[in-house]
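Biologist: I should like to go through the terms used for this structure and ask what justifies each of them. May we begin with the structure in view?

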Amino acid sequence: MSAQANAREAADSTLLELLRRHAEPLPHIDTPMFGALFDRYANAKVVLIGESSHGTREFYRTRAAITRHLIERHGFNIVAVEADWPDAGQLDRKVRGIDPMPVQDPAFGRFPSWMWRNAEVSEFITWLRGHNHTLPLAERTEFRGLDIYSLRNSMAQVLSYLDRTDPALAHQARQRYGCLTPWQDDPALYGHFVERAGQAPCEDAVVQQLNSLLAKRLADDGEAFFSATQNARVVRAAEQYYRAMYRGGAASWNLRDKHMFDTLQAVLAHRGASAKAVVWAHNSHIGNAAATLMGWRGEFNLGQLCRTALGREAVLIGMSTDRGQVAAADDWDGEVRIQEVLPSRPDSWERRWLDAGVPASLTDWRGDGAEALRDALSGTLLERAIGVIYRPRTERQSHYFEAVLGEQFDALVWIEQTNALTPLPVPAGVSHEDDTFPFGV
């Protein structure tokens with residue numbers, strides 16, 4: 001055996017010994033002992049909780065249980081998720097008991113609907129509404145969306161707000177947004193025609209509209225104005241995003257994650273000095289991109305921006321598994337189906353946790369006494385990422401990337417074997433009033 005192979009074997013042996021020492025077994029999520037494991041994050045401003053797939057039941061339920069504990073015991077009052085602002089807004093108004101906005105589409109009705117329209121999220125939303133019901137409105141926990149894909153719905157929400165508050169400005173907004181209206185149902189085509197066919201961009205119009213809305217600020221209409229402003233920011237960011245898609249490189253990814261970070265910052269500021277947020281998103285958004293292949297090729301992400309802005313007040317928690325089942329599609333805009341997740345590769349971080357032999361655990365390397373573990377996690381191995389698409393036959397190329405785990409996250413929740421989440425149907429041809437997601441709460 002070569003000296004290099006001997007050194008690698010010794011490093012693996014050391015890492016396994018340290019993982020067995022530091023991996024804290026997870027109690028059942030419904031017990032007080034489970035929540036107590038996460039008391040160590042009580043003083044954070046933002047706790048970001050990831051997932052290595054968008055379709056795994058245990059990830060959603062575990063993340064919800066951590067969040068419930070942080071809300072009940074430690075004053076966290078915002079849940080911000082990798083979802084579109086208007087869709088999350090429908091649920092936010094339900095859980096906080098605010099009158100619904102007039103909308104036409106059911107929440108999370110487009111591909112990939114199962115990512116948020118599932119039984120596991122519905123269970124959490126039902127709990128959150130019950131928890132909020134006992135509190136004054138100002139103390140209720142918010143449910144906010146951070147993402148960028150709601151061009152049509154966000155334009156509609158801006159116009160609806162202005163129709164109610166300033167018809168003249170609404171008329172002006174319709175003229176400005178008219179530039180984007182032909183593309184609102186297929187905004188990728190807008191990017192194509194601007195970047196490839198010389199179509200004049202709509203950038204100036206959407207920026208002017210956002211500035212007009214900001215100048216209008218109504219002192220007595222805080223939540224409605226804030227939501228309309230955020231929707232206008234989504235329109236501005238989406239216009240940039242769909243053009244950036246056609247330029248290649250890191251531009252579109254970076255624009256999207258910068259928008260998510262800016263939205264999180266806006267939500268925190270809107271809540272005030274007491275704001276404390278839990279963020280739900282994929283590991284690829286939650287972890288520090290600078291410690292992964294993403295960062296090495298010029299991409300940054302939400303977790304990296306939070307760590308830079310907040311230091312130790314931001315906690316980055318990854319979540320991963322070895323094998324099981326996942327709800328995912330074969331291709332973009334395809335049907336969701338239950339797929340078998342292959343066992344992790346021998347050259348992956350997942351295999352190290354599997355070999356450590358603790359089936360469900362929290363491993364934290366932030367604090368004092370974890371220096372040796374942080375050092376052992378400073379090497380480079382593969383890490384798996386399954387999004388809304390899973391292609392097992394090309395898994396190495398499609399779903400694995402290099403990462404320095406000890407710098408990417410502050411902790412990892414490990415669940416060795418997992419199951420698919422439970423998608424809920426999307427009602428066809430219903431208005432907001434007819435839509436019962438999440439089950440009429």
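Biologist: Why are H3 and H5 called roughly parallel to each other?

Modeller: The model is a predicted one, and the term rests on the angle between the two helices. Helix H3 (residues 57-74) and helix H5 (residues 119-133) pack at about 15°, their axes being 9 Å apart. Angles under 35 degrees count as roughly parallel, and therefore H3 and H5 receive that description.

Biologist: Which residues make the contact, and how do they divide by character?

Modeller: H3 contributes Arg-57, Tyr-60, Arg-61, Ala-64, Thr-67, Arg-68, Ile-71 and Glu-72, while H5 contributes Glu-120, Val-121, Glu-123, Phe-124, Trp-127, Leu-128 and His-131. The residues of this contact of H3 with H5 comprise seven nonpolar, two polar and six charged. The crossing in which H3 passes H5 is right-handed.

Biologist: What makes H6 and H10 oblique to each other?

Modeller: The axes of helix H6 (residues 151-165) and helix H10 (residues 222-244) cross at roughly 140° and come within 8 Å. Roughly antiparallel requires an angle over 145 degrees, and roughly perpendicular covers 65 to 115. The angle of H6 and H10 fits neither range, so the pair is called oblique.

Biologist: What is the hand of the crossing of H6 and H10, and which residues meet there?

Modeller: H6 passes H10 in a left-handed crossing. From H6, Leu-151, Ser-154, Met-155, Gln-157, Val-158, Tyr-161 and Arg-164 meet Ala-224, Phe-225, Ala-228, Asn-231, Ala-232, Val-234, Val-235 and Ala-238 of H10. The contact of H6 with H10 divides into 11 nonpolar residues, three polar and one charged.

Biologist: Why does Arg-144 count as buried?

Modeller: Arg-144, in strand S4 (residues 142-147), has a relative accessibility of 4%. Buried means under 20%, so Arg-144 qualifies.

Biologist: What surrounds Arg-144?

Modeller: Not counting residues up to four places away in sequence, Arg-144 touches Val-79, Ala-80, Val-81, Trp-85, Ala-88, Asp-92, Arg-96, Glu-223, Phe-226, Val-267 and His-270. Ala-80 is 64 residues from Arg-144 in sequence, with a C-alpha to C-alpha distance of 4.6 Å.

Biologist: What makes the pairing of Arg-144 with Glu-223 a polar contact?

Modeller: The side chains of Arg-144 and Glu-223 are joined at 3.1 Å, and the cut-off for such a pair of N or O atoms is within 3.5 Å. Glu-223 also has a polar contact of 3.4 Å with the side chain of Arg-96, again within 3.5 Å.

Biologist: How do you know whether Arg-96 is buried or exposed?

Modeller: Arg-96, found in helix H4 (residues 85-96), has 8% relative accessibility and therefore counts as buried. Apart from neighbours within four places in sequence, Arg-96 is in contact with Asn-132, Leu-137, Arg-140, Thr-141, Glu-142, Arg-144 and Glu-223.

Biologist: What makes Glu-371 partly exposed?

Modeller: Glu-371 lies in helix H16 (residues 371-376). Its relative accessible area is 43%; buried means under 20% and exposed over 50%, so Glu-371 is placed in between, as partly exposed.

Biologist: Which residues of H14 are buried, and what do they pack against?

Modeller: In helix H14 (residues 302-310), the buried residues are Leu-302, Gly-303, Gln-304, Leu-305, Cys-306 and Leu-310. These buried residues pack against strand S2 (46-49), S4, helix H11 (251-271), strand S5 (277-280), helix H12 (283-286) and strand S6 (314-320). Just after H14, Gly-311 adopts a positive phi of about 60°.

Conventions:
Residues numbered from 1 in each chain as written. Predicted model: local features only at pLDDT ≥ 70, side-chain atom pairs only at ≥ 80, totals over all residues. Heavy atoms only, no water. Axes fitted to C-alpha atoms, helices over the stretch in contact; angles between N-to-C directions. Helix = DSSP H or I, 4+ residues; strand = E, 2+ residues; numbered from the N terminus. Left-handed = near helix turned anticlockwise from the far one by under 90°. Contact = heavy atoms within 4.5 Å. Nonpolar A, V, L, I, M, F, W, Y, C, P; charged D, E, K, R; others polar. Buried < 20%, exposed > 50% of the residue type's maximum accessible area, 1.4 Å probe, protein only. Polar contact = N/O pair within 3.5 Å; in protein donor to acceptor, adjacent residues only side chain to side chain.
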